Amino acid sequence: MSALEGLSGEVLEIGFGDGETFACYADSARVQAVEKDEKAVNRAARLLEVLRKTNISLHHGSAETLPFEDNRFDAVCISFLLCSVDDQTRAVAEIYRVLKPGGKLLAIEHTLSNRVMIRSAQRILTPPLAPLSGNCHLDSEPLKAILSRPFQIIRTESMPFFLEPRLFVEAKKGAGG
Ligand SMILES: C[S@@+](CC[C@H](N)C(=O)[O-])C[C@H]1O[C@@H](n2cnc3c(N)ncnc32)[C@H](O)[C@@H]1O
């Protein structure tokens with residue numbers, strides 16, 4: 001979460017769920033927060049009142065059709081979003097579109113393991129588990145999805161976590177857009 005604390009300017013978070021990240025944003029960040037689940041948006045509105053955060057605006061919407069103009073954001077933050085969207089390529093294309101040239105994507109996602117046994121288990125378990133877990137795909141490949149647009153990868157960090165090995169990605173939209 002410390003990666004979020006240093007953000008300022010125009011920030012977009014997509015798929016905020018229970019809003020666990022909201023307390024991390026500095027007051028200098030103007031945050032637009034988009035979530036597909038309308039009930040989660042309503043819960044988050046109450047949370048923002050409790051936190052007294054006035055710099056975060058909530059939107060009911062979808063990663064695949066973001067309601068923002070091109071080149072608007074200094075940073076886009078996602079946590080465990082790409083595993084559950086219907087169309088990863090489209091979501092990443094939208095993230096790329098709304099980032100300013102030079103803007104950053106900060107993503108923490110779980111990913112397909114590079115260990116054969118775990119990868120097989122992830123592939124076998126995804127079809128039965130996805131409908132029971134908010135469309136979460138254990139066999140998601142977030143880095144592959146991110147690289148479907150011409151992002152420059154600044155940093156990746158892998159963390160083993162059995163069936164959900166985690167991957168942190170910091171990537172940049174090139175200055176030329
Ligand atoms: C696994 S939860 C992660 C929630 C939160 N980011 C976290 O790390 O605790 C995925 C969230 O993404 C939302 N979501 C799924 N598909 C989405 C989409 N296409 N557009 C926006 N939000 C979406 C879900 O409603 C859910 O709140």
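Here is a short conversation about a predicted model of a protein chain.

User: How many helices and strands are there in the protein chain, and in what order do the elements run?

Analyst: Happy to start there. The protein chain has five helices and seven strands. Read from the N terminus on, the order of its elements is α-β-β-α-β-β-α-β-α-α-β-β.

User: Is the chain as compact as a globular protein of that length, or not, and what is its radius of gyration?

Analyst: For 177 residues the globule rule gives 16 Å. The chain comes close to that, so it is as compact as a globular protein of that length. Along the principal axes, its C-alpha atoms fill a box of roughly 45 × 40 × 30 Å. The radius of gyration you asked for is 16 Å.

User: What share of the contacts in the protein chain between residues at least 6 apart in sequence join residues at least 24 apart?

Analyst: Some background on the chain helps here: buried residues make up 44% of its 177 residues. It exposes about 9,200 Å², with carbon and sulfur atoms supplying 53% of that area. As for contacts between residues at least 6 apart in sequence, the share that joins residues at least 24 apart is 66%.

User: How far apart are the mean positions of the positive and negative charges?

Analyst: The count takes in 21 positive and 23 negative charges in the protein chain. Between the mean positions of these two sets, the distance is 3 Å.

User: Is strand β7 largely enclosed or not, and how many of its residues are buried?

Analyst: Strand β7 covers residues 166-173, which makes eight residues. The strand is largely enclosed by the rest of the structure, because the number of its residues that are buried is six.

User: Which strands pair with β7, and over how many bridges?

Analyst: Strand β5 (residues 99-110) pairs with β7 in the antiparallel sense over seven bridges, and Lys-104 stands opposite Lys-172 in β7. Strand β6 (residues 151-159) also runs antiparallel to β7, with Phe-151 opposite Lys-173. So the partners, with their bridges, are β5 with seven and β6 with eight.

User: Which residue in the hairpin of β6 and β7 takes a positive phi?

Analyst: This hairpin has six residues between the strands. The phi in question is near 45 degrees, and it belongs to Phe-162.

User: Is Lys-173 buried or exposed, and what is its relative accessible area?

Analyst: Lys-173 sits in strand β7. Leaving aside neighbours within four places in sequence, its contacts include Asn-71, Tyr-96, Arg-97 and Phe-151. Ile-153, 20 residues away in sequence, is 9.0 Å from Lys-173, C-alpha to C-alpha. Buried means under 20%, and Lys-173 is buried with a relative accessible area of 3%.

User: Which residues is Glu-10 in contact with, leaving aside its neighbours within four places in sequence?

Analyst: Glu-10 is found in strand β1 (residues 9-14). This residue is buried, at a relative accessible area of 16%. Its contacts beyond those neighbours are Arg-30, Arg-72, Phe-73, Asp-74 and Ala-75.

User: Where is Leu-125, and which residues is it in contact with, leaving aside its neighbours within four places in sequence?

Analyst: Leu-125 belongs to helix α4 (residues 116-129). It is partly exposed, with a relative accessible area of 30%. Leu-163 lies 38 residues from Leu-125 along the chain, and their C-alpha atoms are separated by 9.7 Å. Setting those neighbours aside, the residues in contact with Leu-125 are Leu-138 and Leu-163.

Conventions. Residues are numbered from 1 along each chain as its sequence is written. This is a predicted model: local features need pLDDT of at least 70, side-chain atom pairs count only at pLDDT 80 or more; totals for chains, interfaces and linings use all residues. Side-chain values use heavy atoms; hydrogens and water are left out. Buried means under 20% relative accessible area, exposed over 50%, partly exposed in between (1.4 Å probe, protein chains only). Helices (H or I, at least four residues) and strands (E, at least two) are DSSP runs, numbered from the N terminus. Two strands pair if DSSP finds at least two bridges between them. The radius of gyration is taken over C-alpha atoms; the globule rule is 2.2 Å times the number of residues to the power 0.38. Contact means heavy atoms within 4.5 Å. Accessible areas come from the Shrake-Rupley method with a 1.4 Å probe; for residues, only the protein chains shown count as cover. Lys and Arg count as positive and Asp and Glu as negative; His and the chain ends are not counted. The place of a charge is taken as NZ of Lys, CZ of Arg, CG of Asp or CD of Glu.
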